Amino acid sequence: MRKVILLFAAAFGGSCSIASSAATFMHHTATGVRASYRGSTIRVDALRSDVLRVRMYRDTRIGEDASWAVLPLARTSSVPVRATPTGFATAEVDVSIDATLCLTVRDSSGHVLQQDSAPVEWRENGFRVAKKMLPTDHFFGLGDKGGSLDRVGQSFVMWNTDSYGFQESTDPLYKSVPFFLRMQHGGAIGVLLDNTFRSFFDFGHQTDSEYSFSAPDGPLDYYLIVGPEPKKVVSGYAWLTGATPLPPMWALGFQQSRYSYTPQTQVEEIAARLRHDQIPVDAIYLDIDYQNKNRPFTIDKRAFPDFAGMIRTLQSENIHTVAITDLHIAHLPGEGYLPYDGGKAGDHFVKSSDGKDYIGQVWPGPSVFPDFLQRKTRAWWGTLYREFIQQGVAGFWNDMNEPAIFSYPNKTMPNDVRHRIEEPGFKTRTATHLEAHNIFGMENSRATYEGLLALSPNVRPFVLTRASYAGGQRYAATWTGDNSSTWNHLRLATSQLINLGLSGFALSGADVGGFTGSPSPDLLTRWTELGAFQPIYRNHASKGTRPHEVWSDGPVHEEIRKRYIEERYRLMPYLYTLAEEMSRNGLPIVRPLFMEFPDATDDGAPADLYAPNEFLFGASILVSPAPSPDEIAPYEVHLPLGTWYDYWTGLRVERTQLIKGRDPEIRDTGNSQAPIMVSPSLADLPVYVRGGTILPMAPLTQSTSELPEGPLTLKVFPGEHCNGDVFLDDGKSFEYRSGKFFRMYATCSIDESGRFQLHIGKPEGAFQPWFHELKIVVVGWHPKEQRTIGKPDAMGWAVTVPFTRSEQTIELH
């Protein structure tokens with residue numbers, strides 16, 4: 001540890017490093033540096049060689065070292081650093097601080113990753129941080145904000161808001177995820193502002209030479225995650241805030257919902273129709289009308305006279321039930337309403353400024369609200385699920401948890417409402433709603449998740465939340481809220497889900513068909529097609545809208561919709577393997593093209609700028625819906641460099657040139673490769689598979705609880721670095737953590753003579769998979785020798801071999 005007094009020619013003012021004499025006190029530590037000037041202090045610590053924590057404060061008022069978002073293990077990690085005259089260096093970054101406390105971070109080659117454009121601006125209790133922005137910068141993240149995929153030129157507010165009927169320009173929305181990626185020619189860097197107060201982000205909206213973040217109160221505490229690959233940044237963010245846990249397999253199946261299916265007979269009729277029409281399904285949702293007068297944790301026994309029997313009937317059909325449990329508790333003193341009585345007895349409710357229980361108007365009428373920032377309150381909340389769990393309800397839906405209140409225009413609790421923080425790592429204290437608002441929904445879903453774990457320790461919980469904060473992916477899946485039944489919202493769903501995935505929420509969905517309004521038959525069909533390639537696949541609708549069910553528009557539309565739902569189930573081994581990867585490294589299921597192809601364009605910009613309608617489903621499948629889905633005009637499919645295959649036909653497509661950018665001087669090459677133009681019919685969604693992919697697929701089932709009958713198919717799409725893997729387990733418990741899983745890796749090659757070879761490694765884990773044979777389909781390949789085993793397949797050549805738990809090599813000539 002060393003202390004240095006440095007003289008700089010600079011002044012603490014409106015810009016960094018301008019002429020004037022000033023002195024800065026710099027103190028080197030084993031893990032970073034601390035510097036002070038004119039009552040302000042900056043502290044930068046290396047948690048890893050590629051992750052930095054930056055804190056700034058005035059005088060000696062450093063905030064408490066605690067976080068709702070960042071995991072304690074990550075927050076307290078450190079690596080040794082090498083001191084430099086202006087800061088320090090790790091193996092991957094160089095950190096320098098000037099006399100005005102402006103921060104610059106460079107990579108090991110000297111490329112500037114981020115640089116303050118001005119000293120921090122202190123504002124009463126708040127701050128504003130501004131950083132230099134280049135014309136080639138692009139920004140992604142911030143959760144499911146509206147607008148374009150790229151955030152450049154826009155500004156946003158973080159304040160969880162019930163945004164019923166939101167549109168593309170609506171802000172704020174339901175979630176506050178103050179994390180973004182900055183993409184530039186030199187690579188990517190991630191920024192997480194860990195401040196739960198209302199905060200503001202500007203990406204060149206006010207001025208195109210800087211981006212900024214600010215807040216009126218709370219700590220100036222942020223993290224920098226260095227790439228250069230965007231995939232590395234996203235994994236680093238998951239290391240900081242946690243990855244989405246592996247869900248139960250049924251949560252990846254098709255889900256049917258409506259506000260509301262009532263009475264009980266209607267729920268049973270919907271389930272019976274799904275099974276009669278052989279439409280694969282895994283879950284039916286119950287919205288608030290199953291409750292007695294909209295009171296959470298009650299049953300309307302007139303509408304649902306045998307609720308437990310209904311759950312058992314659905315279970316017998318391999319259909320799981322997901323029940324809504326809003327966080328508001330009806331204010332019913334003396335009426336025998338157990339959630340209220342228990343919460344009152346335990347002093348679990350949020351307080352008004354006068355110390356009395358805060359009462360707000362919501363669906364049950366006057367209601368009180370659990371104080372989820374207290375650990376004891378979260379534990380009490382979890383006990384409320386006991387009877388539902390005993391009856392067999394499989395999942396729970398936490399809605400209205402922004403928190404939403406029927407008061408306008410703010411639509412939430414008053415700012416002076418009091419929350420009591422009693423949480424390990426935090427000082428026990430009282431906070432106003434201004435500090436607690438953005439984390440209230442996350443702590444609600446946390447209470448549900450942890451409560452379900454306490455009641456069923458070996459069953460993976462499924463919780464769906466509408467509101468959340470950075471790190472909330474540890475507890476719940478999410479969806480984009482009350483979207484609309486419009487073609488524009490169908491298009492908007494792709495950018496929202498991509499940015500949610502980049503922001504940690506890898507298990508997310510957009511309501512198929514749109515929640516508000518009535519979709520046309522064609523719109524519902526197109527949405528059903530697209531939803532088959534999204535993490536959460538839920539068909540949902542509001543009251544007063546026409547039916548959204550698969551069969552609602554006659555046999556032609558039903559057949560198309562059913563075909564895509566069936567394809568989802570055939571792809572379940574691939575999707576479940578993606579979910580397991582997600583739970584380890586945080587990589588999203590729905591990905592932007594730049595995550596796998598950061599150098600796909602000839603002008604260095606992210607490929608998604610030229611193909612904002614496209615996305616990757618995992619690393620291997622590219623989905624290309626129409627950029628204007630309500631139009632019938634042909635459109636271009638932008639495939640990155642390399643070999644691709646049409647998913648549906650196996651047709652091979654070679655792309656030998658980078659995706660063309662917008663610079664006309666670059667575009668005018670004279671030998672451009674012909675664009676891929678498509679004009680799909682209503683029944684067709686263009687989907688492509690990356691060459692070099694080994695895609696695991698299963699025989700069709702009607703639910704994930706049903707064991708497939710037949711071999712596991714390994715569909716091989718030849719190309720460079722040919723490989724694939726599959727992960728399986730029981731789909732519901734945590735026993736995979738103790739070795740009861742199945743993982744199999746495979747590689748393939750085709751030599752100069754045309755001989756095909758597939759090598760399957762020895763499977764890992766103790767779980768016994770459902771299959772006894774492997775069906776190998778080599779797409780676009782045919783043997784040269786007549787005696788080669790196998791037979792022609794619609795997409796190439798197929799051979800079925802016994803599965804063994806040892807290494808296998810299959811050769812075809």
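**A tour from a surface patch outward**

Start by selecting W363, F406 and Y408: together they make a nonpolar surface patch with about 340 Å² of accessible area. Accessible areas here follow Shrake-Rupley with a 1.4 Å probe, and for residues only the protein chains shown count as cover. Patch members have over 30% relative accessible area and no salt bridge (a side-chain nitrogen of Lys or Arg within 4 Å of a carboxyl oxygen of Asp or Glu); nonpolar side chains (Val, Leu, Ile, Met, Phe, Trp, Tyr) are joined within 5 Å, like charges within 9 Å.

A word on what you are viewing: this is a predicted model, where local features need pLDDT of at least 70, side-chain atom pairs count only at pLDDT 80 or more, and totals for chains, interfaces and linings use all residues. Residues are numbered from 1 along each chain as its sequence is written, and side-chain values use heavy atoms, leaving out hydrogens and water.

Next, zoom in on W363, in the loop between strand 24 (360-362) and strand 25 (365-368). Its relative accessible area is 33%, so W363 is partly exposed (buried is under 20%, exposed over 50%, partly exposed in between).

Now show the whole protein chain as a cartoon: it has 14 helices and 49 strands (DSSP runs, H or I of at least four residues and E of at least two, numbered from the N terminus). The C-alpha trace spans about 85 × 75 × 50 Å along its principal axes, and 63% of the 813 residues count as buried.

Finally, colour by pLDDT, the predictor's confidence in each residue from 0 to 100. The protein chain averages 94, but residues 1-13 stay under 50, and residues 18-23 are also below 50.

Definitions and conventions. Buried < 20%, exposed > 50% of the residue type's maximum accessible area, 1.4 Å probe, protein only. Contact = heavy atoms within 4.5 Å.
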